[in-house]
Amino acid sequence: MTGSTVRLSDLPKGALAVVDRVDDAHADDPIAQRLRDLGFVDGEAVRVAAVAPMGGDPLLIQIGYTRFALRRAEAARVSVRSEAVA
Amino acid sequence: MSADALRIALVGNPNCGKTALFNLLTGGRQKVANYAGVTIERKEGRFTAPSGRVLQILDLPGAYSFDAVSPDEQITRDVLEGNYPGEAPPDLIVCVADATNLRLHLRFLLEVRRLGRPVVLALNMMDAARRRGIAIDVAELSRRLGLPVVETVAVKRGGARALVERVDGELPLPAPAQADDAASRADLHSQVRELLAATVSMPRATSKLDDALDRWALHPVFGLAILAGVMFLVFQAVYAAGKPMSDLIGDGFGWLGGHVAALMPAGPLQSLVVDGIFGGLGTVLGFLPVILVLFFFILMLEESGYLPRAAFMLDRLMLSVGLTGRSFIPLLSSFACAIPGIMGTRSIQDPRDRLATILVAPLMTCSARLPVYALLIAAFIPAHRVFDLFNLQGLVLFALYLAGILGAMAVAWVMKHLHRDRSEHALLMELPAYRLPKLRDVAIGLYERGAIFLKRLTGVILALTVLMWFLSTFPGAPAGATLPAIDYSFAGYIGRGLAHVFGPIGFNWQMSLALIPAFAARETAVAALATVYMVGGDVAGGGLAHALASQISLPSALSLLVWFAYAPQCMSTLAIIKRETASWRNVAISFGYMFVMAYVASLLTYQIASALT
């Protein structure tokens with residue numbers, strides 16, 4: 001469980017990973033709180049389903065049964081473990 | 001049987017089908033579409049249950065969490081917590097959940113349950129869930145949640161029968177109220193995980209078809225090509241399909257007007273009916289098919305779930321000019337009319353992004369401008385084929401829409417640099433599953449738009465047209481007059497006065513005069529031109545387009561087209577900007593910048609076109 005983590009924004013297209021945590025970019029970060037509310041919590045599987053044209057921003061993240069468009073700055077708040085976890 | 005209506009609130013995540021359910025229950029015709037944030041206000045309806053009890057249904061904007069981040073989510077939270085001004089908390093909360101997307105939707109249910117009020121869970125879209133092989137143990141889910149669970153299919157007749165039976169019965173017991181804090185909120189996800197593990201089996205997390213479609217629709221190269229192709233096709237279709245029908249209606253009214261004229265004695269009344277009503281209104285009515293074709297395509301795009309994909313692809317571009325991908329849908333609605341577009345900005349969380357979107361929304365060419373474009377294009381642009389494939393008239397129409405879009409981007413970019421705001425704005429947008437558009441929803445949407453158009457036509461446009469006829473007819477020419485009678489009328493004087501202002505951009509007095517009623521309703525510019533030229537006796541056999549071509553030079557016509565691409569919005573739009581931003585300053589900014597922009601753009605167009613011809 002304590003394996004190395006990377007930012008969700010650094011994953012390539014098609015990569016699978018498991019959420020470790022969401023970090024606040026600053027105190028009382030509403031974007032980080034919303035990410036947690038939307039299900040970016042420890043143990044949740046995510047996949048980079050697509051990247052947008054023109055610079056690869058935003059990303060399309062599949063989490064659970066839902067697809068969310070996240071900008072890279074938003075995805076950078078999410079730390080993921082890239083090792084395969086059942 | 002109770003005298004008081006039972007008050008029921010429909011809540012849930014965005015795009016789970018609350019409004020579809022509301023329409024099914026109450027026979028309402030509220031707008032539904034396939035993207036998050038269609039409903040932005042609380043809507044009320046009532047119906048009588050089989051027991052004879054009256055049920056009052058409240059449809060609320062979708063919310064992901066009680067930690068509201070946008071004005072529409074705030075409404076939902078306030079109503080549920082009993083903090084909405086002038087409204088008691090509901091007797092029963094029906095939490096609607098998309099059965100194909102339960103993880104997030106159940107989390108919101110758990111938040112709602114903590115309010116300590118009676119709750120019923122409606123598992124909606126059960127048909128789609130079954131198609132994807134999703135099995136839900138409803139009895140077990142109900143037992144674990146400690147509240148009644150019913151299955152619904154909001155898009156099918158009778159799809160809410162189980163829900164009606166349940167809410168018509170005894171009120172379920174509420175769960176004990178719990179405080180809402182960060183620690184307990186973090187715990188909700190693990191509760192959902194347990195619930196899902198115990199009650200739901202799902203063959204795969206996503207629909208195979210959606211994944212396949214998205215591989216093309218969101219492809220970095222093909223995705224953009226598809227988007228450009230779709231947009232282009234819409235404008236070509238507006239011309240190819242709408243125009244012949246418009247011509248038919250226009251000819252029909254001309255013929256009818258001619259026959260009515262023959263039956264009536266000559267005089268002011270005949271002139272009012274023939275020139276004002278048949279000439280003015282008939283011309284505007286002729287554009288109904290064009291507008292309906294445009295709406296057909298907008299509705300199909302809305303229903304299919306493609307719009308949020310387009311927003312996803314364009315987010316970077318929008319961000320670079322100081323907007324957000326979330327602005328895309330309100331801006332696209334503004335092609336219908338800026339008013340719903342501006343109201344739709346309530347789903348934009350960031351106040352600055354929201355204001356920027358409100359200020360540029362009127363630059364999107366609304367459907368009221370379509371008649372003006374269509375008339376002038378028909379009169380001045382030859383119907384050539386370009387590369388044997390595209391209609392030149394369709395291309396010009398596309399260019400005018402593009403001019404509005406580019407103008408909006410430029411304005412947003414300038415605003416971004418004036419503000420020097422470097423704070424971060426979130427996108428965080430859900431992409432819904434694709435859906436085949438429902439014929440019934442598209443039909444309702446078209447009917448509603450057609451009804452709005454006809455209401456405007458018989459209301460404000462009719463009144464203005466009669467006024468224009470009056471101004472053009474009275475006072476009559478004095479004895480021994482050498483000029484046409486209309487030159488001595490009120491219209492002649494007002495128009496010539498305005499022409500001092502608009503002369504430099506190539507408008508003659510008739511065109512300048514038509515700008516006044518256009519400020520109340522854009523379509524009236526067409527009716528006003530028709531009335532003024534008909535009273536002036538300049539419209540002979542060939543119809544209005546023919547008359548215009550003989551009276552107005554090409555540079556003037558191009559200048560008028562450009563004017564309408566940027567011209568200050570109509571009065572209703574200004575009123576809605578005041579309401580949504582609660583600031584006269586924003587109204588003044590909005591009106592002022594568009595006037596200057598339109599004047600400068602028209603001036604350039606006229607001067608350059610005059611130099612070239």
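The following paragraphs describe a sheet shared by chains A and B and the contact around it. This is a predicted model, in which local features need pLDDT of at least 70, side-chain atom pairs count only at pLDDT 80 or more, and totals for chains, interfaces and linings use all residues. Residues are numbered from 1 along each chain as its sequence is written, while chains are lettered from A and ligands numbered from 1 in the order in which they are written.

Seven strands (DSSP runs of E, at least two residues, with helices being runs of H or I, at least four, all numbered from the N terminus) form an open sheet in the order E1(A)-E6(A)-E2(A)-E3(A)-E4(A)-E5(A)-E11(B), with antiparallel pairing; two strands pair if DSSP finds at least two bridges between them. E1 (5-7) of chain A and E11 (429-431) of chain B stand at the edges with a single partner strand each, so one side of each has no neighbour in the sheet. From one strand to the next, the twist averages 45° (axes are lines fitted to C-alpha atoms, for helices over the stretch in contact, and angles run from 0 to 180 degrees between N-to-C directions).

Within chain A, E4 (residues 59-63) and E5 (residues 66-70) pair over five antiparallel bridges, and Ile61(A) stands opposite Phe68(A). Phe68(A) also has a bridge partner in E11(B), namely Glu430(B); E5(A) and E11(B) are joined by three antiparallel bridges. Helix H12 (residues 306-320) of chain B lies across E4 and E5 of chain A together with E11 of chain B, at about 130° to E11(B).

The contact (C-beta atoms, placed from the backbone, within 7 Å) takes 29 residues from chain A and 30 residues from chain B. On the side of chain A that touches chain B, H1(A) supplies the largest share, six residues.

Methods:
Contact = placed C-beta atoms within 7 Å.
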